[in-house]
Amino acid sequence: MLPKPDRTDDNRSDESGAGRGDSSAPGNGGGCPIGPATAADLPAIARLLHEAGLPQGDIAGHVGRFLVARNDAGGVVGTIGAEVTGPDALLRSLAVAPNLRQAGLGGRLMAELERVAGGWGVQRWWLLTTTAERFFAKRGFRVATRCEAPEGIRRTAQFSGGCAAAAVCLTRERRSDE
Ligand SMILES: CC(C)(COP(=O)(O)OP(=O)(O)OC[C@H]1O[C@@H](n2cnc3c(N)ncnc32)[C@H](O)[C@@H]1OP(=O)(O)O)[C@@H](O)C(=O)NCCC(=O)NCCS
């Protein structure tokens with residue numbers, strides 16, 4: 001997950017671009033229900049990722065491991081995904097609609113993915129980021145070198161493709177309390 005450099009954890013733009021139900025008030029993201037994504041959610045997920053500056057070209061092949069948060073109107077206002085390779089998983093595509101950030105939704109998406117991923121056998125997370133290092137560091141991730149990642153993770157498009165050299169590799173063991 002490699003956001004454009006002009007986006008940061010602290011970006012608090014009022015633009016929504018979250019598809020249906022864009023009228024959600026800022027600060028209400030904490031209560032949005034989170035559940036599995038379906039193929040029907042792909043256009044809305046792609047819009048959200050595009051708006052956040054994250055890659056979205058390959059999401060169709062991974063939607064089975066995506067979660068979405070919805071507003072009252074059913075619109076997708078948050079998303080997160082995983083690519084699972086044995087006990088290791090790439091955490092990817094974490095994005096929250098700009099007007100709903102700083103309300104706990106990103107943290108809830110991560111916690112819910114971790115809970116669901118327990119059933120997939122995930123024991124360790126890996127990710128690449130250019131902007132959200134602090135967000136993940138506060139949630140227990142540590143900086144790693146890319147070569148520490150197992151081969152399955154290094155073969156993902158994010159690790160093997162055109163990732164910015166400046167992207168930081170982060171990792172964390174699965175937490176049993178999530
Ligand atoms: C990264 C991102 C998903 C975080 O989403 P979010 O919904 O703002 O995340 P949270 O609200 O859970 O946490 C963000 C901060 O708000 C704080 N917060 C949470 N609930 C809060 C509340 N009720 N009131 C005030 N602050 C709150 C958290 O403490 C956190 O602060 P911290 O980062 O200093 O720990 C979001 O900024 C985003 O979409 N960024 C663009 C895409 C991106 O960079 N994705 C990551 C790619 S690796």
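**Exercise 1. Helix α2**

Task: State which residues of α2 are buried and which elements they pack against.

Solution. Step 1: apply the burial criterion, under which a residue is buried if 20 or more other C-beta atoms lie within 10 Å of its own, exposed if 12 or fewer, and partly exposed in between, with C-beta atoms placed from the backbone. By this test Leu105, Gly106, Arg108, Leu109, Met110, Leu113, Glu114 and Ala117 of α2 are buried.

Step 2: note what the values rest on. The model is predicted; local features need pLDDT of at least 70, side-chain atom pairs count only at pLDDT 80 or more, and totals for chains, interfaces and linings use all residues. Residues are numbered from 1 along each chain as its sequence is written. Helices (H or I, at least four residues) and strands (E, at least two) are DSSP runs, numbered from the N terminus.

Step 3: list the contacts, where two residues are in contact if their C-beta atoms, placed from the backbone, lie within 7 Å. The buried residues of α2 (105-118) pack against β1 (34-36), β2 (66-70), β3 (76-85), β4 and α3 (133-137).

Step 4: check the helix span. The expected span is 1.5 Å times one less than the number of residues. With 14 residues, α2 reaches 20 Å from its first C-alpha to its last, close to the 20 Å expected.

**Exercise 2. The sheet**

Task: Give the strand order of the sheet and find its edge strands.

Solution. Step 1: count two strands as paired if DSSP finds at least two bridges between them. The result is an open sheet of 7 strands in the order β1-β2-β3-β4-β5-β7-β6, with mixed pairing.

Step 2: look for strands with a single partner. These are β1 and β6, which stand at the edges, so one side of each is left without a neighbour in the sheet. From one strand to the next the twist averages 30°; axes are lines fitted to C-alpha atoms, for helices over the stretch in contact, and angles run from 0 to 180 degrees between N-to-C directions.

Step 3: go through some of the pairs.

- β2 and β3 are antiparallel and share 5 bridges; Phe66 has Gly81 of β3 as its bridge partner.
- β5 (residues 124-129) and β7 (residues 168-173) run antiparallel and are joined by 6 bridges; Arg124 is partnered by Glu173 in β7.
- β6 (residues 142-144) pairs with β7 in the antiparallel sense over 3 bridges; Arg142 stands opposite Thr171 in β7.

**Exercise 3. Helix α1 on the sheet**

Task: Describe where α1 lies and why its buried residues line one face.

Solution. Step 1: place the helix. α1 lies across β2, β3 and β4 and runs at about 95° to β3. For α2, which lies across β1, β2, β3 and β4, the angle to β3 is about 35°.

Step 2: list the buried residues of α1, which are Ala44, Ile45, Leu48, Leu49 and Ala52. Seen down the axis of α1, they fall within an arc of 130°, so they line one face of the helix; the arc is that of the directions from the helix axis to the C-beta atoms. These buried residues pack against β2, β3 and β4.

Step 3: check the end of the helix. Just after α1, Gly53 takes a positive phi of about 80°.

**Exercise 4. The nonpolar core**

Task: Which residues have the most contacts inside the largest nonpolar core, and which element gives the most to it?

Solution. Step 1: define the core as a set of buried Ala, Val, Leu, Ile, Met, Phe, Trp, Tyr and Cys residues joined through C-beta atoms within 7 Å. The largest has 43 residues, and those with the most contacts inside it are Ile45, Leu48, Leu91, Leu109, Trp126 and Leu127.

Step 2: assign contributions. α1 (42-52), β2, β3, β4, α2, β5 and β7 each supply at least two residues; β4 gives the most, with 6 residues.

Step 3: take Leu91 as an example. Leaving out residues up to four places away in sequence, Leu91 touches Ala82, Trp125, Trp126 and Leu127.

**Exercise 5. Positive phi outside glycine**

Task: Are Ser93 and Gln102 buried or partly exposed?

Solution. Step 1: locate Ser93, which lies in strand β4 (residues 88-96) and has a positive phi near 60°. Ser93 is buried because 28 other C-beta atoms lie within 10 Å.

Step 2: locate Gln102, in the loop between β4 and α2, with a positive phi of about 65°. Gln102 has 15 other C-beta atoms within 10 Å, so Gln102 is partly exposed.
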